[in-house]
Amino acid sequence: MSEKLRVGIIGATGMVGQRFIKILADHPWFEIALVAASAHSAGKTYAEAVKGRWKMEGDIPEQVKGMVLHDAAKVDEIASQVDFIFSAIKLDKADTRKLEEAYAKAETPVVSNNSAHRWTPDVPMVIPEVNPDHTDVIKYQRERLGTTRGFIAVKPNCSIQSYTPALSAWRQFEPTQVIATTYQAISGAGKTFKDWPEMEGNVIPYIAGEEAKSEGEPLKIWGHVDDEKKAIVPADDTVITSQCIRIPVLYGHTAAAFVNFRQNPTKQDLIDALESYSGEPQRLGLPSAPKQFIRYMTEDDRPQVRLDVNYEHGMGVSIGRLREDKIFDWKFVGLSHNTARGAAGGAVECAELLKAQGYLTAK
């Protein structure tokens, strides 16, 4: 009998769901017990459902090809067969919130890639290296939901991973104002160039909803659990403004960021803070955790998507071009892998943290 936790993936046929399957195929702690999607795909084998639209490198893992897809809406049926679920389902926000809460109330924890619950005050939104203590709010969420083991945890937006880790390493210097322009890969929209040929040689200066996420989500991550309010209270000491642009690359979100500090760090202070920054995933030796979370690159032309996006299997963040600025104190460029660190990989690392903390257990 396997000692691994049984995982269900809802929304398993989309790009993020496919990335979950690739990551979890040989995971030491979790095994894929069930895959689910919309009612339209239910009853098909996984291989049938994604025929002609498998977007990952390499083949579909053998153990998943023949799995028959469940209808993600059949909560009790799925909950009875898994210890927890990863959610990558594509519904509108209200329906996503309702479905994820239904799983939680069925005593099946949800680790979600979706944005629907990121601003629910008692739902932790976690970058495991940055705010692992935010899982303390789960006890209040369970109290609200009336559950003993069910809850929802979410990972933040993919684009903020390219600059928020650096700013997190620099919190000691008290960042006050940030401009972050992100240049985002087409896979962030669930597309490849085959699906979206009009993106070749093109730039689109708008991604719906992204700028609000870029400006707000880091503040929740830097916030604290307020026991009186039974909620996470966002930080209010940094103002972020952003622009988010779609560019013709497949994987990798790049950020060009400018920052003012209340303190007066030197360039070496900032580089040392990046290179020494580590967290609970590294201390605990979580399976998906990068050994070096953030690296600083000294070359003038790095980080580059083609050369650097897969740093630490896509789970590390690359920072470069740190320079003094004429208007702001400092400016830099960041790069993160949007479907590894930014989506499925970040959610898997979050689940590993939750297991290590005792929140995810076998039923």
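**Exercise 1.** In this predicted model, work out whether cysteine 244 is buried or exposed, and why its sulfur makes no bond to the closest cysteine sulfur.

*Solution.* Start with accessibility: the relative accessible area of cysteine 244 is 0%, and buried means under 20%, so cysteine 244 counts as buried. Next, look for a partner. The closest cysteine sulfur belongs to cysteine 158, 9.2 Å away. A disulfide needs the two sulfurs within 2.5 Å, so this pair is too far apart for a bond. Now try cysteine 350, which is buried too, at 1% relative accessible area. Its closest cysteine sulfur is again in cysteine 158, at 16 Å, which is too far for a bond. Searching the whole structure turns up zero disulfides.

**Exercise 2.** Find the strand order of the open six-stranded sheet, and say which strands stand at its edges.

*Solution.* Reading across, you get E10-E7-E11-E14-E13-E12, and the pairing is mixed. The edges are E10 (239-246) and E12 (294-297): each has a single partner strand, so one side of each lacks a neighbour in the sheet. On average, neighbouring strands are turned by 20° against each other, direction ignored.

Then zoom in on one pair. E13 (residues 317-324) and E14 (residues 330-336) run antiparallel and are joined by five bridges. Here arginine 323 sits opposite lysine 331 of E14.

Finally, add the helices. H8 (residues 210-221) packs on the sheet, touching E7 and E10, and its direction makes about 140° with that of E10. H9 (residues 267-276) lies across E11, E12, E13 and E14, at about 140° to E12.

**Exercise 3.** Describe the geometry of the pair formed by phenylalanine 30 and phenylalanine 86, and say which strands they lie in.

*Solution.* The whole structure holds 12 aromatic pairs. In this one, the centres are 6.5 Å apart and the planes make 70°. Over 60 degrees counts as edge-to-face, so that's the label for this pair. Phenylalanine 30 is in strand E2 and phenylalanine 86 in strand E4, so the pair ties together parts 56 residues apart in sequence. Both rings are buried: phenylalanine 30 has 0% relative accessible area, and phenylalanine 86 is also at 0%.

Now compare phenylalanine 173 and phenylalanine 261: edge-to-face, 6.3 Å between centres, 85° between planes. Phenylalanine 173 is in the loop between H7 and E7, phenylalanine 261 in strand E11, 88 residues apart.

**Exercise 4.** Which residue has its charged end over the ring of tryptophan 29?

*Solution.* First place the ring: Trp29 shares one aromatic cluster with Phe20, Phe30, Phe84 and Phe86. The charged end over it belongs to lysine 355, 4.9 Å from the ring centre.

Methods:
Residues numbered from 1 in each chain as written. Predicted model: local features only at pLDDT ≥ 70, side-chain atom pairs only at ≥ 80, totals over all residues. Heavy atoms only, no water. Pairing = 2+ DSSP bridges. Helix = DSSP H or I, 4+ residues; strand = E, 2+ residues; numbered from the N terminus. Axes fitted to C-alpha atoms, helices over the stretch in contact; angles between N-to-C directions. Contact = heavy atoms within 4.5 Å. Buried < 20%, exposed > 50% of the residue type's maximum accessible area, 1.4 Å probe, protein only. Phe/Tyr/Trp six-rings, centres within 6.5 Å; stacked < 30°, edge-to-face > 60°. Lys NZ or Arg CZ within 6 Å of the ring centre and 35° of its normal.
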